[in-house]
Amino acid sequence: MSFRATILSIFPEMFPGPLGVSLAGRALSDGLWSLEVRDIRDSAKDKHRSVDDTPAGGGAGMVMRADVLAAAIDAASTPDDARPRLLMSPRGKRLDQARVAELAAGPGVVVVAGRFEGVDERVVAARNLEEVSIGDYVLSGGEVAAMVLLDAIVRLLPGVMGNAESAASESFAEGLLEYPQYTRPQVFEGQAIPEVLLSGDHKKIAEWRRAEAERITAERRPDLKGFVGPKGR
Ligand code: SAH
């Protein structure tokens, strides 16, 4: 069974969007993963198909109703569905490559895209939603965040990336940022490609790349876990 993604949104027309082109899009048409998009409004209970209401306690904006969202989740995923249920939310744990890899190794995901000021808090516990943030900034809705999550997952699915090695050497793979890349022309505006890369000496090239990855990580992201430092390895 290939990886199954279900998205719950009030703007289903936003999908597949960027997930329909390039690597993810080709993998989708090749059946390496599947995408089901469900309109939360289909679970509304009134003739206006309303999904939101004013916040209890007052204040700005609207909140997505717990009963409507719970009904949408129940329609999308039965209790025996082994897929984790995620709620895109700026209050969630920040997404990283380790969590992406875990999710890619599983059966799929059910992803709720919030809108308005967010969703009624009670539905999070009642439907066992794991809140996931894509970074410390606020989007207008969870759809783009869900696309970011799925884009990162899909490229790790078996058969999606041509070269499995590229995933292993990429940024974050070992708590390191990737080494710098070069291609033709050999000289660009007076700057030459580092000579070692043209030497044909694979051992030297690997050592240089490792050292560059460690240098760049130490400079830019000393916080990345797994980073041991140039002398630690
Ligand atoms: N009032 C909320 C923000 C709501 S933004 C707060 O202050 O926390 C509306 C929706 O956009 C959210 O329900 C969520 O689904 C999505 N969203 C916004 N920023 C996000 C982020 N950084 N990561 C993931 N989802 C986000």
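Q: What percentage of the 233 residues in the protein is buried?
A: A heads-up: this is a predicted model, where local features need pLDDT of at least 70 and side-chain atom pairs count only at pLDDT 80 or more, while totals for chains, interfaces and linings use all residues. Numbering starts from 1 along each chain as its sequence is written, and side-chain values use heavy atoms, leaving out hydrogens and water. Buried means under 20% relative accessible area, exposed means over 50%, and partly exposed is in between (1.4 Å probe, protein chains only). By that yardstick, the buried part of the 233 residues is 39%.

Q: Which element gives the largest share of the largest nonpolar core?
A: A nonpolar core is a set of buried Ala, Val, Leu, Ile, Met, Phe, Trp, Tyr and Cys residues joined through side-chain atoms within 4.5 Å, and the largest one here has 28 residues, with Trp33, Val109 and Ile153 making the most contacts inside it. Elements are DSSP runs numbered from the N terminus: helices are H or I with at least four residues, strands are E with at least two. β1, α1, β5, α3, β6 and α5 each put in at least two residues. The largest share, eight residues, comes from α5.

Q: How many residues are in the second, separate core?
A: Among its members are Ile40, Met64, Ala76 and Leu87. Nonpolar side chains in soluble globular proteins tend to be buried together. The count for this second core is 18.

Q: Is isoleucine 40 buried or exposed?
A: Isoleucine 40 sits in the loop between β2 (33-39) and β3 (52-53). Contact means heavy atoms within 4.5 Å; skipping residues up to four places away in sequence, isoleucine 40 touches Leu8, Ser9, Ile10, Val51, Met64, Val68, Leu69, Ala72 and Ala113. Because its relative accessible area is 0%, isoleucine 40 is buried.

Q: Which residues make the nonpolar surface patch of about 330 Å²?
A: Patch residues have over 30% relative accessible area and no salt bridge; like charges are joined within 9 Å, nonpolar side chains (Val, Leu, Ile, Met, Phe, Trp, Tyr) within 5 Å. A salt bridge is a side-chain nitrogen of Lys or Arg within 4 Å of a carboxyl oxygen of Asp or Glu, and areas come from Shrake-Rupley with a 1.4 Å probe, only the protein chains shown counting as cover for residues. The patch is made by Tyr137, Leu139, Val144 and Val148.

Q: What is the relative accessibility of valine 144?
A: Valine 144 lies in helix α5 (residues 142-154). This residue counts as partly exposed because its relative accessibility is 44%.
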